[in-house]
Amino acid sequence: MKSLLIIILIGCFCRTSYAQGKFGGQIFENNTKIPLSGINIENLSSHLKQISASDGSFAIGAKIGDLLSFSSPYYQPDTIYITNLSYLKIYLNLKTKTLQEVKVTSSELHTGSLKAAPSKGPFNSETVLYQTDAAGRPIGGIKIMIHDWNKDENRRIREQQFLLDEDEKVQISKVFSPENIQNYLPISNQELKNFITLYIPSIKTYNSKGFNLLDYLTSSYKEFLKTPAEQRQSEDFLKINK
C-alpha cells in the first residue's frame, strides 16, 4: 500500500512538471519598435505576475491553454492565449494618439576638407619625393616616404564608425520626430519643435543600458515646463536659452 502511494505521488509530480513551464518573450512599442520595460504581465489562469526588464524581456510560469495579459498605464492592454511555449515578441500600442503630419527638414551633412594636391616625386611618385626646405623649395636629393598602413586602417575604422553613427542618428530622428513625440506629450507646432531640438538624445544616451523612452520624455518634459509658456512657444526659443 505504501509503495502504491509513492508511485501515485511520483506520477502526479511528473504530470505537473510536464504541464508547467516557462513562457518568455520580449515586449516592444508597436510604432517605434523600442523595447518596453515596466510592462505588467499576469497569467490570468494561475495569477502569477511579472514585470518586463529594461530590454523588454520577460519570463513567467505558464502552460499551454493559459491566458496572459500585458498592461501599462501608457499602453493599450493585450491578452494572448498560449498555444505553445515558444519565445514570442509582443507589440503594444499607445493608449492615445493625436497624429498630425509635420514636415521635418534634416540638416545637411558636410564632410571632407579642401587641401592642396600632394606633391609628386620622380616618375610621378608619391612615395619617392624630391627633398625641399621649410618653404617648399627644392634643395636636391630625394626622400622616401614610408607608408603607414596603420593610419589607413584607423581611417577605415573611423569611416565605418561614421556610417554606423549615421544609421543611429536616422533611427533616433524617427523616434524623436514630431509625429511620434506628440503621441506622448500634449504639445504641438513650434513648442514641439523646440522640445525636440533641445532634448533629442545623443547616440551615447539613447544606447545606454538604462535608457527608457517614457522616463526620458517625462523627465525632459518636466524640465521643459519650467520655462515660461511664451518662451517655449517662441521661434526664438533656442536663441533665448543659449
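This is a short tour of the nonpolar core and the aromatic rings in a predicted model.

**The whole chain**

Start with everything shown as a cartoon. You should find eight helices and nine strands. Of the 242 residues, 28% count as buried. Switch on a surface if you like: the protein exposes about 17100 Å², and carbon and sulfur atoms supply 56% of that area. Contacts that reach along the sequence are well represented too, since among those between residues at least 6 apart, 50% join residues at least 24 apart.

**Into the core**

Now hide the surface and select Ile 27, Phe 70, Phe 176 and Phe 195. These four touch the most other members of the largest nonpolar core, which has 37 residues. To see where the core comes from, colour β1 (21-29), β4 (57-62), β5 (67-71), β7 (88-92), α2 (149-175), α4 (189-199) and α6 (213-224); each gives two or more residues to this core. Which element gives the most? Select α6, which contributes six residues. Colouring by domain is worth a moment as well, as the core draws at least three residues from each of domain 1 (22-92) and domain 2 (168-241).

**Around Phe 176**

Zoom in on Phe 176 and show its neighbours. Leaving aside residues up to four places away in sequence, Phe 176 touches Ile 181, Ile 196, Tyr 199, Ile 200, Pro 201, Leu 213, Tyr 216 and Leu 217. Next, add Tyr 206 and Phe 211 to the selection: together with Phe 176 and Tyr 216 they form one aromatic cluster.

**Two ring pairs**

The model has 10 aromatic pairs, and two of them make good stops. Go to Phe 23 and Phe 58 first. Their rings form a tilted pair, 6.1 Å centre to centre with 50° between the planes. Phe 23 is in strand β1 and Phe 58 in strand β4, so you are looking at a link between parts of the chain 35 residues apart. Both of these Phe residues are buried.

Then move to Tyr 199 and Phe 224. Their ring centres are 6.1 Å apart and the planes meet at 90°, so this pair is edge-to-face. Tyr 199 lies in helix α4 and Phe 224 in helix α6, so the pair ties together parts 25 residues apart in sequence. Are these two rings buried or exposed? Tyr 199 is buried, with a relative accessible area of 15%, and Phe 224 is buried at 0%.

**Last stop**

Keep Phe 224 selected and add Arg 232. The charged end of Arg 232 sits over the Phe 224 ring, 5.8 Å from the ring centre.

Definitions and conventions. Residues numbered from 1 in each chain as written. Predicted model: local features only at pLDDT ≥ 70, side-chain atom pairs only at ≥ 80, totals over all residues. Heavy atoms only, no water. Core = buried A, V, L, I, M, F, W, Y, C linked by side-chain atoms within 4.5 Å. Buried < 20%, exposed > 50% of the residue type's maximum accessible area, 1.4 Å probe, protein only. Helix = DSSP H or I, 4+ residues; strand = E, 2+ residues; numbered from the N terminus. Domains from an automatic or database assignment. Contact = heavy atoms within 4.5 Å. Areas by Shrake-Rupley, 256 points an atom, 1.4 Å probe, with all protein chains shown as cover. Phe/Tyr/Trp six-rings, centres within 6.5 Å; stacked < 30°, edge-to-face > 60°. Lys NZ or Arg CZ within 6 Å of the ring centre and 35° of its normal.
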